[in-house]
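The following account leads the reader through a model, beginning with one helix and ending with the contacts to nucleic acid. Please keep the sequence and the coordinates at hand while reading.

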Protein chains: 2
Amino acid sequence: MRARIDVNEIYRAALQAFAEFGFRKTTVEDVAEKLNRTKGNLYFYVKDKRELYIKTVSFALERWQGRVRQAIAKEKGARNQLMAMCRKAVEYLAQDEELRNILKRDPDIFPMFPTVDPYESINRRSVRMIASILKKGVKEKVFRPVDVDKVSEVLFSIYKMVIIQTYIKTDEAYVQEMFDDTLDLLLNGLFVESERSQLGG
Amino acid sequence: MRARIDVNEIYRAALQAFAEFGFRKTTVEDVAEKLNRTKGNLYFYVKDKRELYIKTVSFALERWQGRVRQAIAKEKGARNQLMAMCRKAVEYLAQDEELRNILKRDPDIFPMFPTVDPYESINRRSVRMIASILKKGVKEKVFRPVDVDKVSEVLFSIYKMVIIQTYIKTDEAYVQEMFDDTLDLLLNGLFVESERSQLGG
DNA sequence: CACTGAATAATATATTAAATTGTTCAGTTA
DNA sequence: TAACTGAACAATTTAATATATTATTCAGTG
């Protein structure tokens with residue numbers, strides 16, 4: 001009798017298949033073959049094909065989120081943390097082709113306008129990550145005293161917009177320019193100093 | 001022999017039908033009946049069903065754009081023009097249920113991430129509208145000297161995001177809050193004064 | 001000249017059978 | 001005895017075909 005397969009190995013194999021063929025066109029057997037098992041055997045590890053897919057995607061999303069979190073942890077001030085977050089998120093995705101393909105095939109994973117979302121908890125964590133940077137920045141008086149919860153939602157939406165452009169558009173340079181201008185706008189705003197309304201505090 | 005039908009009457013009739021049933025489920029006869037003609041007769045006015053749809057949608061989009069343009073024309077400074085534009089765009093859509101339904105049924109009309117777009121020329125005009133306000137504002141030294149072309153693209157993307165939320169989300173209050181916070185962020189930015197980088201000029 | 005209505009072409013829907021794939025599980029194996 | 005296989009069965013997809021609906025054309029009418 002063989003040792004139990006490490007679940008992460010299953011997710012890595014499944015990720016390869018799902019990224020190449022998409023959910024509908026990959027068979028449970030495709031995944032089993034990559035692991036040198038039979039399809040029946042996979043049901044020892046996951047309930048059904050759908051669950052395998054959801055857990056595989058979660059695995060990929062969490063790996064991505066983890067890298068971004070690491071990048072943030074390396075920085076001290078809120079200003080640099082916010083910029084590190086944006087940079088790393090785009091940079092990681094540019095390098096993880098499998099995740100890009102998964103997202104391209106199935107945009108509901110990272111929906112611009114979510115209705116119901118099986119990955120909601122992961123996305124909520126991302127929003128909280130933004131919120132905690134904002135909170136820190138407001139406390140440090142680097143950021144204006146904005147409504148942290150609402151603004152982190154707004155930023156997450158804009159963040160999604162840029163991310164989706166990153167894997168939809170093939171034009172690398174275009175995305176980079178868009179990215180820089182968007183970040184500048186969000187940090188500095190449109191108004192010149194004299195026109196700005198400073199929120200209370 | 002009857003007088004030629006006014007094309008705008010055709011578009012109004014078609015808009016009713018397309019908004020209620022969608023492109024696929026409305027028949028040319030549905031539209032003809034609203035005009036008290038036979039379906040064959042409509043081919044005297046339009047090439048085919050697809051063209052009828054595209055011209056009908058264009059009619060609705062241009063009416064919308066016209067109202068926004070009027071609202072802008074009433075204002076003097078770039079600052080107020082920008083705010084009037086945002087306000088009117090959302091306000092008009094909230095009131096035009098047919099257009100909302102058309103957009104909800106067929107999101108490709110106003111795509112978050114356009115590939116090919118039959119309404120491109122209309123959307124380009126919207127971007128130019130934003131750009132001209134920005135240009136004026138930079139000249140008046142109300143706005144920072146940003147790259148007008150790029151920033152108007154960025155703003156149009158964010159504008160689309162808010163608009164789509166407006167007809168997707170049923171929750172009126174949520175959209176309004178989102179709208180206010182987004183506008184504040186874009187105008188004033190996140191940084192406190194001392195952290196801001198003023199662009200040259 | 002604007003229009004009708006019937007003819008025809010093009011699409012969509014429904015039905016059914018055949019093939020593939022997902023899932024279960026009794027029995028095997030290390 | 002826990003991990004596994006492979007065959008059995010259920011569910012789903014695909015293919016093939018017939019039927020019905022709808023789009024489009026156009027000769028003829030007022």
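In helix α5 of chain B, the buried residues are Ala78(B), Gln81(B), Leu82(B), Met83(B), Ala84(B), Met85(B), Cys86(B), Ala89(B), Val90(B), Tyr92(B) and Leu93(B). The model is predicted, and the values below should be read accordingly. Helix α5(B) spans residues 78-95, 18 residues in total. From its first C-alpha to its last it reaches 26 Å, close to the 26 Å expected at 1.5 Å a residue. The cover over its buried residues includes five helices of chain B, namely α4 (49-73), α6 (97-105), α7 (120-139), α8 (148-168) and α9 (172-188).

One of the buried residues of α5(B), Leu82(B), also leads across to the other chain, as it is touched by Leu190(A). Beyond its sequence neighbours up to four places away, Leu190(A) touches Leu185(A) in its own chain. Its contacts in chain B include Leu134(B), Val142(B), Phe143(B), Arg144(B), Val146(B), Val151(B) and Leu155(B), as well as Leu186(B), Leu187(B) and Asn188(B). Leu190(A) is also among the residues with the most contacts inside the largest nonpolar core, together with Trp64(A), Trp64(B) and Leu190(B). That core has 144 residues.

Chain A may now be taken as a whole. It has nine helices and zero strands, so the order of its elements from the N terminus is α-α-α-α-α-α-α-α-α. Its C-alpha atoms fill a box of roughly 70 × 35 × 30 Å along the principal axes. Of its 201 residues, 51% count as buried. Among the contacts in chain A with a separation of 6 or more, 67% join residues 24 or more positions apart.

Two residues of chain A illustrate contrasting surroundings. Is Thr166(A), for instance, buried or exposed? Thr166(A) lies in helix α8 (residues 148-168) of chain A, and it counts as buried because its relative accessibility is 13%, under the 20% limit. A polar atom of its side chain is 2.8 Å from the backbone oxygen of Val162(A). Farther along the sequence than four places, Thr166(A) touches Val90(A), Leu93(A) and Val175(A). Ser197(A), by comparison, is found in the segment after α9 (172-188) of chain A. With a relative accessible area of 35%, Ser197(A) is partly exposed. Apart from neighbours within four places in sequence, Ser197(A) is in contact with Arg144(A) of its own chain and with Asp184(B) and Asn188(B) of chain B.

The final part concerns DNA strand D. This strand is surrounded by 21 residues, the closest being Arg37(A), Tyr45(A), Val28(B), Tyr43(B) and Lys49(B). Of the atoms of DNA strand D that come within 4 Å of the protein, 73% belong to sugar and phosphate. By class, the surface near the strand has seven nonpolar, six polar and eight charged residues. Helices α1 (7-25) and α3 (39-42) of chain A, and α3 (39-42) of chain B, each supply at least two residues of that surface.

Which parts of DNA strand D approach polar atoms of Arg2(A), Asn41(A) and Lys39(B)? A polar backbone atom of Arg2(A) is 3.1 Å from a sugar or linking oxygen of the strand. For Asn41(A), an N or O atom in the side chain is 3.5 Å from a sugar or linking oxygen. For Lys39(B), an N or O atom in the side chain is 3.2 Å from a base nitrogen of DNA strand D.

Methods
Residues numbered from 1 in each chain as written. Chains lettered and ligands numbered in written order. Predicted model: local features only at pLDDT ≥ 70, side-chain atom pairs only at ≥ 80, totals over all residues. Heavy atoms only, no water. Core = buried A, V, L, I, M, F, W, Y, C linked by side-chain atoms within 4.5 Å. Buried < 20%, exposed > 50% of the residue type's maximum accessible area, 1.4 Å probe, protein only. Contact = heavy atoms within 4.5 Å. Helix = DSSP H or I, 4+ residues; strand = E, 2+ residues; numbered from the N terminus. Polar contact = N/O pair within 3.5 Å; in protein donor to acceptor, adjacent residues only side chain to side chain. Expected span 1.5 Å × (residues − 1). Near = heavy atom within 4 Å. Nonpolar A, V, L, I, M, F, W, Y, C, P; charged D, E, K, R; others polar.
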